[in-house]
Amino acid sequence: MQNQDKQKVIETGKSKVAARFPFTVFLEQGIEYYYCTCGLGSSQPFCDGQCEGTGFEPVKIIPKRSGNALLCGCKRQYDPKNPNCDGSHSVANLDW
């Protein structure tokens, strides 16, 4: 299934919807995190290298303070460089 998903991401240029909701994660101040933009990673919402060859690249996050964050699960946020959930998952025409 993973190879089919990867091929679809490559062919369509659209990331895979990883979840229909945001991921609540605790981020520590000053620690580098890499947010998955392709939707294929098995450690969502973080990148595990599955994006290789898809045209997608992870977004580096370095929090200015420690705390919980709501990171996009649908991978369709309006600003792909901003991994924070913006409610895009509530748009009716997403390809779940």
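Me: How many disulfides does the count come to here?

Reply: Happy to start there. A disulfide is a covalent bond between the sulfur atoms of two cysteines. In this predicted model, the count comes to zero disulfides.

Me: Why does Cys36 have no bond to its closest cysteine sulfur?

Reply: Look at the gap between the sulfur atoms, with a cut-off of 2.5 Å in mind. The closest cysteine sulfur to that of Cys36 belongs to Cys38, and because the two are 3.7 Å apart, they are too far for a bond. Cys36 is also buried, with a relative accessible area of 1%.

Me: And Cys47: which cysteine holds the closest sulfur, and how far away is it?

Reply: That one is in Cys51, at 4.0 Å, so this pair too is too far for a bond. Cys47 sits in the loop between strand 2 and strand 3 and counts as partly exposed, at 25% relative accessibility. Leaving out residues up to four places away in sequence, Cys47 touches Tyr34, Tyr35, Cys36 and Pro58. For a sense of distance, Lys64 is 17 residues from Cys47 in sequence and 20 Å from Cys47 in space, C-alpha to C-alpha.

Me: Let's turn to the backbone. Is the peptide bond from Gln44 to Pro45 cis or trans?

Reply: The general idea comes first: most residues other than glycine have a negative phi, and most peptide bonds are trans. The bond from Gln44 to Pro45 is cis, with omega near 10 degrees. You will find Pro45 in the loop between strand 2 (33-35) and strand 3 (59-61).

Me: What about phi of Lys75: positive or negative?

Reply: Positive, near 65 degrees, in a residue other than glycine. Lys75 belongs to the segment after strand 4.

Me: Is Lys75 buried or exposed?

Reply: For reading such values, buried means under 20% relative accessible area. Lys75 has 8%, so Lys75 is buried.

Me: Which other residues could I look at in that segment after strand 4?

Reply: Try Ser88, which is also found there. With a relative accessible area of 3%, Ser88 is buried. Ser88 and Lys75 are 13 residues apart in sequence, with 8.5 Å between their C-alpha atoms.

Me: What do I find when I follow the side chain of Ser88?

Reply: Follow the polar atoms. The Ser88 side chain reaches the backbone oxygen of Arg76 at 3.2 Å. A polar contact of 2.5 Å also joins the side chains of Ser88 and Asp86.

Me: Which residues does Gln77 touch?

Reply: Gln77 is another residue of the segment after strand 4. Setting aside residues up to four places away in sequence, the residues touched by Gln77 are Tyr35, Cys72, Asn82, Pro83, Asn84, Asp86 and Ser88. A polar atom of the Gln77 side chain lies 3.4 Å from the backbone oxygen of Asn82. Gln77 is buried, at 10% relative accessible area.

Me: Now a helix. Where does Val9 lie?

Reply: Val9 is in helix 1 (residues 2-12), and Val9 is buried, with a relative accessible area of 2%. To read the surroundings, list the contacts beyond four places in sequence: Lys14, Ser15, Lys16, Cys38, Leu40, Thr54 and Phe56. By contrast, Ser66, 57 residues from Val9 in sequence, is 33 Å away, C-alpha to C-alpha.

Me: Leu40 is in that list. Which residues is Leu40 in contact with?

Reply: Leaving aside neighbours within four places, they are Gln2, Asp5, Lys6, Val9, Lys16, Gln50 and Thr54. Leu40 lies in the loop between strand 2 and strand 3 and is buried, with 4% relative accessible area. The C-alpha atoms of Leu40 and Asp5 are 7.3 Å apart, although 35 residues separate the two along the chain.

Me: One last feature. What volume does the largest pocket have?

Reply: About 290 Å³. Among the 14 residues that line this pocket, Leu27, Pro63, Lys64, Arg65 and Ala69 are the closest to its centre. Strand 4 (residues 67-71) gives the largest share of the lining, four residues.

Me: How does the lining of the largest pocket divide by class?

Reply: Seven lining residues are nonpolar, five are polar and two are charged.

Note on methods
Residues are numbered from 1 along each chain as its sequence is written. This is a predicted model: local features need pLDDT of at least 70, side-chain atom pairs count only at pLDDT 80 or more; totals for chains, interfaces and linings use all residues. Side-chain values use heavy atoms; hydrogens and water are left out. On a 1 Å grid over the protein atoms alone, a cavity is a set of points where a 1.4 Å probe fits but cannot get out, and a pocket is an open set with protein on both sides within 12 Å along at least five of seven lines; lining residues have an atom within 4 Å of a point. Grid points are joined across faces, edges and corners, and a volume is the space filled by probe spheres set on the points. Helices (H or I, at least four residues) and strands (E, at least two) are DSSP runs, numbered from the N terminus. Ala, Val, Leu, Ile, Met, Phe, Trp, Tyr, Cys and Pro count as nonpolar, Asp, Glu, Lys and Arg as charged, and the others, Gly among them, as polar. Buried means under 20% relative accessible area, exposed over 50%, partly exposed in between (1.4 Å probe, protein chains only). A polar contact is a pair of N or O atoms within 3.5 Å; within protein, one must be able to donate a hydrogen and the other to accept it, and residues adjacent in sequence count only if both atoms are side-chain atoms. Contact means heavy atoms within 4.5 Å.
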